[in-house]
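Trainee: I would like a close look at a single part of this model. Please take one helix, then work outward to the charged pairs.

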Amino acid sequence: METSGFEEMMSDYFEVFGLPRKLQVDLEALQRRFYELSRRHHPDFHQGADAEAQAQALKASALVNRAYRALRDPVARVQYLIALEEGREVREETTAKPKAPMDLLAEMLEVQEALEETKSGGLTEETTGRLRAERQRLEDRRRAEETALIAAATEWDAAVDAGQDRAPLLERFKQRLAARAYLGTVIDDLTQALGEDEGSHVAHRRH
């Protein structure tokens, strides 16, 4: 396959690597293919070509890199698959703060209470211990969401092979991703309240 027109010929990231639209991926084979495609399309290997061919190589190389980033990570792979199935663009980064899923609202009340106490009374030994315990609990919960998300890959692939309706699975993926994103935001809030976020460390080093 030549670099010219490579980007236009690819309909999605799975196709870039010659893979079916499934969630279980052989990571070693994916990496080998990535190196092959990178060598074929890297702009440095097309420096003697005309401007149009160099531009095509640059586009193809960028596409290969984006596809590899999306498929090598199991969570990013699910996120990409959802976007693909829903026919929308994948946003690699977002600044929007995720909303709390309904099933997490009740158990977040204690966390919010601990954060409010810290804001009003400052950090004490007691509040520091409480915030760290809540953060650990939420980190465990977030890992559990990721584990369940990744484990469901076999269900998705089996449904693809059997030609079954995958809409319920897709909805479950979205719910777990929403919970994971929200938990990550609250974990960041707790870390910031504890003064242990990166910005705080930088500020402390400066003083």
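What follows is one connected answer, starting with the overall fold and then turning to the chosen helix.

Mentor: Keep in mind that this is a predicted model. The protein has 10 helices and 0 strands. From the N terminus on, the order is α-α-α-α-α-α-α-α-α-α. The chain has 207 residues, and 35% of them count as buried. Among contacts between residues at least 6 apart in sequence, 71% join residues at least 24 apart. The exposed surface comes to about 12800 Å², with carbon and sulfur atoms supplying 49% of it.

Now the part itself: helix α5. Helix α5 covers residues 74-85, which makes 12 residues. From first C-alpha to last, α5 reaches 16 Å, close to the 16 Å expected at 1.5 Å a residue.

How many of the residues of α5 are buried? The count is 9 of the 12, so α5 is largely enclosed by the rest of the structure. The buried residues are V75, A76, R77, V78, Y80, L81, I82, A83 and L84. Note that R77 is on that list, and so is Y80.

What covers these buried residues? The cover includes α2 (13-16), α3 (27-41) and α4 (51-72) from one stretch of the numbering. It also includes α7 (125-151), α8 (153-162) and α9 (167-193).

Look next at the ends. At the N-terminal end, D73 caps α5. A side-chain oxygen of D73 lies 3.1 Å from the backbone nitrogen of V75. Just after α5, G87 takes a positive phi of about 65°. E85, a residue of α5 by its numbering, is linked with D12 and R21 in a network of salt bridges.

That brings in the charged pairs. The whole structure holds 18 salt bridges. Helix α7, part of the cover over α5, supplies a good example. R137 forms a salt bridge with E134, and the closest N and O atoms are 2.9 Å apart. Both residues lie in α7, 3 residues apart, about one turn of the helix. An α-helix has 3.6 residues a turn, so residues three or four places apart point the same way. Are the two partners buried or exposed? E134 is buried, with a relative accessible area of 8%. R137 is partly exposed, at 33%.

Helix α7 also reaches to α6. The side chains of R130 and E117 meet in a salt bridge, 3.1 Å from N to O. R130 lies in α7 and E117 in α6, so the pair ties together parts that are 13 residues apart in sequence. R130 is partly exposed, with a relative accessible area of 26%. E117 counts as partly exposed too, at 35% relative accessibility.

Finish in α6 itself. K119 forms a salt bridge with E116, the closest N and O atoms being 3.9 Å apart. A salt bridge is counted within 4 Å, so this pair falls inside the cut-off. Both residues lie in α6 (residues 102-121), 3 residues apart, about one turn of the helix. K119 is exposed, with a relative accessible area of 67%. E116 counts as partly exposed, at 45% relative accessibility.

To recap the chosen part: α5 is largely enclosed by the rest of the structure, and D73 caps its N-terminal end.

Technical notes. Residues are numbered from 1 along each chain as its sequence is written. This is a predicted model: local features need pLDDT of at least 70, side-chain atom pairs count only at pLDDT 80 or more; totals for chains, interfaces and linings use all residues. Side-chain values use heavy atoms; hydrogens and water are left out. Helices (H or I, at least four residues) and strands (E, at least two) are DSSP runs, numbered from the N terminus. Buried means under 20% relative accessible area, exposed over 50%, partly exposed in between (1.4 Å probe, protein chains only). Contact means heavy atoms within 4.5 Å. Accessible areas come from the Shrake-Rupley method with a 1.4 Å probe; for residues, only the protein chains shown count as cover. The expected span of a helix is 1.5 Å times one less than its number of residues. A polar contact is a pair of N or O atoms within 3.5 Å; within protein, one must be able to donate a hydrogen and the other to accept it, and residues adjacent in sequence count only if both atoms are side-chain atoms.
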